[in-house]
Structure formats: C-alpha cells, structure tokens
Amino acid sequence: MASKRDFYDILGISKNASAEEVKKAYRKMAIKYHPDKNPDDHTAEEKFKEAAEAYEVLSSPEKKQRYDQFGHAGVGGASGGGGGFGGGMSMDDIFSQFGDVFGGGGGGSPFDSFFGGGGGGRSRTVAGSNIRIKLSLSLEDIRNGVEKKIKYKKLVSAPGLKTQTCATCQGRGSIRKVSNTFLGQMATTSTCPTCGGTGSTVSHRPPGSNPDGLIQTDHEVSLKIPAGVSEGMQLSMQGQGNSAPGGQGVNGDLIILISEKSHDDFVRDGKNVLYNLNISFTDAALGSSVEIPTLDGKVKIKIEPGTQPGKVLRLKGKGFTDLNGYGTGDQLIYLGVFVPEKISAEERKTLEGLANSENFKAREIKTDKTFFDRLRSFFE
Ligand SMILES: [Zn+2]
C-alpha cells in the first residue's frame, strides 16, 4: 500500500496554521493544479485531489483534531480497502463542496464562482455570446465624432420557441447529491448537467433554429462614436450581442473594433495630423496665400516671402481631440518647394539671368529636424 503524504506537507503549512492560512494554502494549490489549467495532466489532477482531501480534513476543527491525534487512521485514510476519504471524491464534488474557497458559493462551475459569477444554489444567469465587428472610420469622422448605424447579424429566440422548467433540477439550476461516506452522509451541489444551470430546457424548437432554439436575424443599432478614437480601440454595447441559449438569460455584448481608413491627404500622428504641401518656387520666394484642406473644411494659409522647403507650419486645434482630456492636437503642414522639371527656352533665359545674382546663391538653411525624423518613421 502506498503511504499517504502528511496533510500539512501537502498544503505546505505548519501544524499551527490558522483556519485562514489553511484556506489560503489550499486556494493556492487548487489554482496551481486546476484541471482547466492542466488539461490531461494526470499528476496535476492527483495533486488537485490530494490538496482537496487535505483541506477537507484540516478545515474542519473536529477532523483536524482527530488527524492530529491519530494521523490518517483517524480520518480513515490508512484503513486500506476503499481508499482514503478524498479518494472517492469526484472533481464536481470538490468544486461544489469547496466552492467558497474560490469566492463564490456552492453551485456553478468552479471558475464561475472563481471569477465572481455563479453563486448560491439558485439557477445562474447564462449569457449569450458576444459579437465582434470591425468598423472603419475616416479621419474626418474620427476628428469630429460621428453617429454610425451598424448593421449586423445576431442570434435571437426563434418565434415559437417554448421552454419548460428543467425536469432534472426542477428549475434550481443545480443538483444536490447525498452520498454515504466513511464519515456519514455528505451533501454536494453541482451545476445541473441537463440545463447547464439555467433552470429551463427547450420544449419546442422551431424548425430552422439551432439546438439552443435561436435563429440568426438582421439587426441595426446606432452608435455615437466620440471624437478622438483610434485604431484598435474597442467600444462595447452591452446587451446587443447574441441571446442566451433558449432565450433564458442575458444577451451578450456587441463589441466594435475601431479601424482607421487611410486618407489621401493626411497622415495621423497621435493627436496631430500631418499634411504635405508643395508650393511653387515663385510662391516660396515672393510669398503667397494658399488654400489647403483640413479635417473640417478648407482654410487659407499665408506663405511668407523667402519660405524654405522643409518649413513646418502649424494650424492650432485642427488635429484630434484627446480622449483622456489632454486637449486637441494641431495640423502640421510640411512645406515642399516644387522645382520645375521642364522649362521653355524663354524661362531658361530668365533663370540664367538670375543664376549669378547674389541673392540666388544657396546658403545653409535650418530645418525642423525632429519633424523630419517623425515623418520618416511613418514611411519606414
Ligand atoms: Zn436543470
């Protein structure tokens, strides 16, 4: 017969551990060796059961005292035939019996209560699945905010769907099982396998509906998108997802993933919007007024005489609103100067006349280097 490990060793605690320490130690073990985290790992499953057995004994003052006094024999572990007390426990038993360790109470699957759901011996609320859709927005829509109608398909209860109280659990959503053990009768509660915890089952499934009695329908919602959203952001509309199985429970959510459409004129740089403007050589030299697009209409900007290529102009407040309230960005205008590629004989004569003019000799000019670096990073 294999010798049984000491319960204190299993949980890694001392004999003087408080009730709270016992619970904490068990919780740690249970999470570590949880079957959901260790699929098909027989060793982990054994360790999980072993920890449950140790907790079962050490969390009860009466059993703990017997164990302290008589060892495994005191709680039936070393009695041979039939195995130890915990050896006969199923995973379900462990979850339902010690569910409170995971933060919930009684019924429900272990990780429901672990994550704060589940609860009580009552039927639990089952949620429909979420629907995810991608929404492409223009930079104009992103800058100004927009209300969008979104068309999508979702699962709803089929007309004529009928449900009835679950015959297995009588609507409770969980089942109680009383078993005889070495220590007397023991009651355990687990999620009803027939209805999955909803407390009802489909009694009439309309033709064309899926096994949960749901059919796909076209749906439309209107969504206000705040100014300043960006690529990869998710907006969630609660309750606009698929209906729960059998129409019993709450709807899932509609999750909208924001995507930015590329723009012919602009590139977004966080809060700012970048714009490239090529002006003529004469405009650069003589100065001019040029109409340019912004994300909310056209504006006229002034080109000062003697403007150098690479100069950056800034239109305050023409960028994007920061969603976290850090103000609004600007439109940055990068100025390029167009050099004629083809010129007539007459134009050539004029330019040649200027070529040796003192003011036309090239000099060192200052450029906005940080802007160049940033711009480059977009195109690499
Ligand atoms: Zn049921």
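This section describes the overall make-up of a predicted model, followed by its strand pairing and one loop residue.

The protein chain of the predicted model contains 10 helices and 15 strands. Of its 380 residues, 30% are buried. Among contacts in the protein chain with a separation of 6 or more, 62% are made by residues that are 24 or more positions apart.

Three strands form an open sheet in the order β1-β9-β8, and the pairing within this sheet is mixed. The edges are occupied by β1 (131-137) and β8 (234-237); each has a single partner strand, so one side of each is left without a neighbour in the sheet. From one strand to the next, the twist averages 25°. Within this sheet, β1 pairs with strand β9 (residues 254-260) in the parallel sense, and the pairing extends over 7 bridges. One of the residues involved is Ile133, whose bridge partner in β9 is Ile256. In a regular strand, side chains alternate between the two faces of the sheet.

A second set of pairings involves strand β11 (residues 272-280), which pairs with strand β10 (residues 266-269) in the antiparallel sense over 4 bridges. Here Arg268 has Val273 of β11 as its bridge partner. The two strands β10 and β11 form a hairpin, with 2 residues between them. Gly270 lies in the turn of this hairpin and has a positive phi of about 65°.

Strand β11 also pairs with strand β15 (residues 331-338), in this case in the parallel sense and over 8 bridges. Within this pairing, the bridge partner of Asn276 is Tyr334 in β15. Strand β11 thus takes part in an antiparallel pairing with β10 and in a parallel pairing with β15.

A positive phi also occurs outside glycine: the value for Gln170 is near 55°. Gln170 is located in the loop that runs between β3 (162-165) and β4 (174-181). Is this loop residue buried or exposed? A residue is classed as exposed if 12 or fewer other C-beta atoms lie within 10 Å of its own. Gln170 counts as exposed because it has 11 C-beta neighbours inside 10 Å.

Conventions: Residues are numbered from 1 along each chain as its sequence is written. This is a predicted model: local features need pLDDT of at least 70, side-chain atom pairs count only at pLDDT 80 or more; totals for chains, interfaces and linings use all residues. Two strands pair if DSSP finds at least two bridges between them. A residue is buried if 20 or more other C-beta atoms lie within 10 Å of its own, exposed if 12 or fewer, and partly exposed in between; C-beta atoms are placed from the backbone. Two residues are in contact if their C-beta atoms, placed from the backbone, lie within 7 Å. Axes are lines fitted to C-alpha atoms, for helices over the stretch in contact, and angles run from 0 to 180 degrees between N-to-C directions.
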